[in-house]
Amino acid sequence: MALSESEYRIEDLARHSGATVRTIRAYQDRGLLPKPERRGRANVYGGAHLARLRQIADLLDRGYTLASIKELLEAWDEGRGLGGVLGLVSEVEGPWTDEESTRVGRAELHELFGGSEDDDAVDEAVELGVLVPVSGAPDTFLVPSPQELRVAAELHQAGVPLRAITGHLRELRGQVEHIAARFLDFTNEHVFIRYLGSRPSDEDASEAAELVRRLRPLAQYVVDAELARAMRLLSTRNLRDHLRSAAAAPPPAVDPNLSTTAVRLPTQTMESVRELVGTDQVAEFVAAAAAREVQARLMDQLTAHGAVHPHPRARPSASAADDPDLQ
C-alpha cells in the first residue's frame, strides 16, 4: 500500500517522532493520541499524529505529567486554546521558591557532616527528598534546597545526631503540609471558588494564573512572620523558666577540705577521659586520679627514706626454717 509523504505506518511514525512503537500505543490507550485510520489490514497515521507526539514530548520536557497533558490536549481539541491553561499549570507546578538547586558529591557530604561516613543517613536523606540521586553518577546528588541541607549541617555540628535531625524533619514536614493545605482551602473558598467545578476558559485560566502569581509568596510571608513571633515568644519564656529554676535551686554543697584550681589538660587527654567515664564524670575522675597519684608518690617517698618499718609489736612471719610443720 502506497502512502503519501504525510502518512506513516507506526514504525515510520516512531522514527520521525523519536517515540517508541510501544510508547505510541500506550498514548493511544490513554487517549493522548487519536486513533489511526484503518486501511485494509494496516493502520495509517498522519501529520496530526506526528504533531501531537512532538507536543506531548515538549510538555513532558517542561515537567508536566501525562494526566495534566491529557487535560491540556482535551482543552486544545475543544477549541479553547492552551495559552491560558498552560500559564495556569506553569504557575502552579513551577518552583515556589527563588532558591536554586545545587549538586553535591558523597565525599563532600561526609566532609560537610563532620567527616564520618554514614551511608544510612544519606539513604534517609534521599528518601526524604533532601538529596536526589543523579542518574549515571552514583556518588552525586542534586540538592533541591541547599539552605535546608546547610541547616542540617549546622545542627549536626552543634551536637544534634543525624537521626534526630531527620526525625524532626519528618515531623516538621507533616505540620507544614497541614499549614499549606489550610492556606489552599482558605484561598479556594474566598478567591478561586469561581474557577472550580468546571474547566476554565482561556481567559479564566489566564486570570487565575495571575492570581496564583500574586498570592504565591503570601503564605511564606505569613509563615515567616508568625514563626519569628513564636520563636521570640517561646525562646524568651524558655530562658526565663530556666533562669528561675536556677535561682530557686539550692547552691551545691562545697566540701571544706577541697579547693579549686584551674588546670589545663591536653585536649586528647580530655577526650580519652570522656570516652572512658562519660562527660558527667570527668571532674570526679580527674580528681580521683590526682589523689591516687599523690598517695602513690607519698608512699614512694616514705619507702625511699626508710620510713616504713614493721610495727615493733608485730610478730615476725613464719618461715619453713622457724616452724617444723612448714618443713
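This report describes the fold, the sheet, the nonpolar cores and the confidence of a predicted model of one protein chain.

## Overall composition

The protein chain holds twelve helices and five strands. Of its 327 residues, 21% count as buried. The surface that the chain exposes amounts to about 24,300 Å², and carbon and sulfur atoms supply 55% of this area.

Contacts also link parts of the chain that lie apart in sequence. Among contacts between residues at least 6 apart in sequence, 55% join residues at least 24 apart.

## Confidence in the model

The mean pLDDT of the protein chain is 80, and 80% of the residues reach 70 or more. Over residues 307-327, however, the pLDDT is below 50. This stretch has eight contacts in the model beyond near neighbours in sequence. Where pLDDT is low, the predicted coordinates should not be read in detail.

## The largest nonpolar core

The largest nonpolar core contains 18 residues. Those with the most contacts inside this core are Leu13, Ile24, Tyr27, Leu32, Leu53, Ile56 and Ile69. Four helices each supply at least two residues of the core: H1 (10-17), H2 (21-29), H3 (47-61) and H4 (66-77). Helix H3 gives the most, with four residues.

Ile24 illustrates how residues from separate parts of the sequence meet. Leaving aside its neighbours within four places in sequence, Ile24 is in contact with Ile10, Leu13, Ala14, Ser17, Ala19, Leu33, Tyr45 and Leu53. Apart from the largest core lies another core, of 17 residues, which includes Phe113, Val130, Phe141 and Leu169.

## Glu74 in helix H4

Helix H4 also contains Glu74. This residue is partly exposed, because its relative accessible area is 26%, and the partly exposed class runs from 20% to 50%. The C-alpha atoms of Glu74 and Leu32 are separated by 8.5 Å, although the two residues are 42 residues apart along the chain.

## The three-stranded sheet

Three strands form an open sheet in the order S3-S5-S4, with antiparallel pairing. Strand S3 (102-105) and strand S4 (132-134) stand at the edges; each has a single partner strand, so one side of each is left without a neighbour in the sheet. On average, neighbouring strands of this sheet are turned by 40° against each other, direction ignored. In general, strands of a sheet pair through backbone hydrogen bonds, either parallel or antiparallel.

Strand S5 comprises residues 137-143 and is joined to S4 by three bridges. In this pairing, Pro133 stands opposite Phe141, and Val132 stands opposite Leu142. Phe141 is also one of the residues of the core of 17 residues. Four bridges join S3 to S5, and on that side Gly105 has Thr140 in S5 as its bridge partner.

## The hairpin of S4 and S5

Strands S4 and S5 form a hairpin with two residues between the strands. Within this hairpin, Gly136 takes a positive phi near 85°. The two strands of the hairpin run antiparallel.

How values were computed:
Residues are numbered from 1 along each chain as its sequence is written. This is a predicted model: local features need pLDDT of at least 70, side-chain atom pairs count only at pLDDT 80 or more; totals for chains, interfaces and linings use all residues. Side-chain values use heavy atoms; hydrogens and water are left out. A nonpolar core is a set of buried Ala, Val, Leu, Ile, Met, Phe, Trp, Tyr and Cys residues joined through side-chain atoms within 4.5 Å. Buried means under 20% relative accessible area, exposed over 50%, partly exposed in between (1.4 Å probe, protein chains only). Contact means heavy atoms within 4.5 Å. Accessible areas come from the Shrake-Rupley method with a 1.4 Å probe; for residues, only the protein chains shown count as cover. Two strands pair if DSSP finds at least two bridges between them. Axes are lines fitted to C-alpha atoms, for helices over the stretch in contact, and angles run from 0 to 180 degrees between N-to-C directions. pLDDT is the predictor's confidence in each residue, from 0 to 100.
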